[in-house]
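Got your viewer open? Let's take a walk through this model, one selection at a time.

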Amino acid sequence: MPNEKALSGVQAKYLQQARSGSFGFIGGAYASRSIAADGERCINLYLEIIESGHGKSSAVLYGTPGLNLFGTLPTSPVRALNFYNGRLLAVGGGSLYDVASDGTPTFLGAVANDGKPAVIVPNSVQYAICSGGNLYALTGSSLTVPVGLTTGKTACFADGYVFVFDPVSLKMWSSALYDVKTFTGVNTSLAEGAADDLVTIFADHKDLWAFGKNSIEIFYDAGLSAFPFDRIPGAFIDQGCIPPFSVAKLDDVLFWLGGSERGGGIVWKAQGYNAQLQRVSNHATETAWKSYRIDDAIAYAHDDSGHFFYTLYFPTANKTWVFDTATGMWHERAFLDANSQ
């Protein structure tokens, strides 16, 4: 029997229905390994609980939000977007653009293009841009290559510093305070809690999370003279990250597609510095993902009407799965390309 105290409200409702023999028609996606056990698919629909408790049903399915065309970049695909302080920057293919409020793009400069996501990080004064494994600095409309560091896979901002993960040295580099145009070799650090290569970095609540293949270390601003951040004692998680672009923040918490020496393919939710992570994927989603290539997965987060969505896109498999923190359920998203029919 399940531990009823650990069940969410939605899960408890369905347990009660199962006991009474009255099963609900609507729900999230859950296609188990045995079709005789459960074979639910939920595509372009998400569940919402009727919170008043007085509706005709306890829950309803709504269609996922659509998109309106805002503008078109001269080059594609769109690999990065960043909206900060009223300014929208975009990377399309191998070009950086400044996009006006009417969607009109202005070319700012060429960037390396590997077909993978790019990253645009503001520091209140400038922007650091990682694209195709290279690092760029944008001041106003002037795109340059920083002095001292020319390569970067991803970057993040915390406490006035831009931190860059360099895929060549496998180190974290710190910029000068509010200056991404100059890097020095002394402003570097390794995640040394385990014999584990870095995969990506991410800033959360002014802390720096260093994700390895099999482990995670968390750094805080210690005010040091070289690399300003230092490891938080005891903040070590024995679970890593497989796709570097699967880390996303929603509902004030980090989510990612994890991996370790014991295996992988599970989406985790952080719980502070606690090593006891919360698993948010389920057996059905994890079974589906076993047939995909997962190391190139890309995640992003958005919210809509009280629903916080963690969207996980698998480019090679061309599949998209979405987790809704409001209900704890997953659904799929898809569209029909008329040109491919």
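Start by selecting P243, which you'll find in the loop that runs between β21 (240–241) and β22 (248–250). Keep in mind as you look around that this is a predicted model. Is P243 buried or exposed? Its relative accessibility is 0%, and because anything under 20% is called buried, P243 counts as buried.

Now show what surrounds P243. Skipping its neighbours within four places in sequence, you should see contacts with L257, I294, D295, D296 and A297. Add K213 to the selection too: K213 and P243 are 30 residues apart along the chain, yet their C-alpha atoms are separated by 9.1 Å.

**Next stop: the core**

Select W209, W256, V267, W289, Y310, L312 and F314. These are the residues with the most contacts inside the largest nonpolar core, which has 35 residues. Which strand gives this core its largest share? Colour β23 (residues 253–260): that strand supplies five residues. As background, nonpolar side chains in soluble globular proteins tend to be buried together.

Zoom in on F314. Apart from neighbours within four places in sequence, F314 is in contact with L257, W289, Y292, R293, I294, A297, K319 and W321. Spot some familiar names? L257, I294 and A297 were also on the list for P243.

Then hop over to a second, separate core of 15 residues, where you can pick out L198, L208, A210 and F219, among others.

**On to a sheet**

Switch to cartoon view and colour β26, β27, β28 and β29. They form an open sheet of four strands, in the order β26-β27-β28-β29, with antiparallel pairing. Which strands stand at the edges? Those are β26 (298–304) and β29 (329–333); each has a single partner strand, so one side of each is left without a neighbour in the sheet. Turn the view and follow the twist, which averages 25 degrees from one strand to the next.

Look more closely at β26 and β27 (residues 307–314), which pair in the antiparallel sense over seven bridges. In general, strands of a sheet pair through backbone hydrogen bonds. For one example here, select A299 and L312: L312, in β27, is the bridge partner of A299. You've met L312 before, as one of the residues with the most contacts in the largest core.

**Some backbone oddities**

Select S76 and P77. The peptide bond joining them is cis, with omega at about 0 degrees. P77 lies in the loop between β4 (59–63) and β5 (78–84).

Now jump to the loop between β22 and β23, where D251 lies. D251 has a positive phi of about 55 degrees although it is not a glycine. At 38% relative accessibility, D251 counts as partly exposed. D252 is found in that loop between β22 and β23 as well, and its phi is also positive, at about 65 degrees, although D252 is not a glycine either.

**Zoom out**

Show the whole chain. How many helices and strands are there? The chain has two helices and 29 strands. Of its 341 residues, 45% are buried. The accessible surface comes to about 17400 Å², and 52% of that belongs to carbon and sulfur atoms.

Finally, colour by pLDDT. The mean for the chain is 88, and 88% of the residues reach 70 or more. Select residues 18–23, though: there the pLDDT is below 50, and the stretch has five contacts beyond near neighbours in sequence. Where pLDDT is low, the predicted coordinates should not be read in detail.

Definitions and conventions. Residues numbered from 1 in each chain as written. Predicted model: local features only at pLDDT ≥ 70, side-chain atom pairs only at ≥ 80, totals over all residues. Heavy atoms only, no water. Core = buried A, V, L, I, M, F, W, Y, C linked by side-chain atoms within 4.5 Å. Buried < 20%, exposed > 50% of the residue type's maximum accessible area, 1.4 Å probe, protein only. Contact = heavy atoms within 4.5 Å. Areas by Shrake-Rupley, 256 points an atom, 1.4 Å probe, with all protein chains shown as cover. Pairing = 2+ DSSP bridges. Axes fitted to C-alpha atoms, helices over the stretch in contact; angles between N-to-C directions. pLDDT = per-residue confidence, 0-100.
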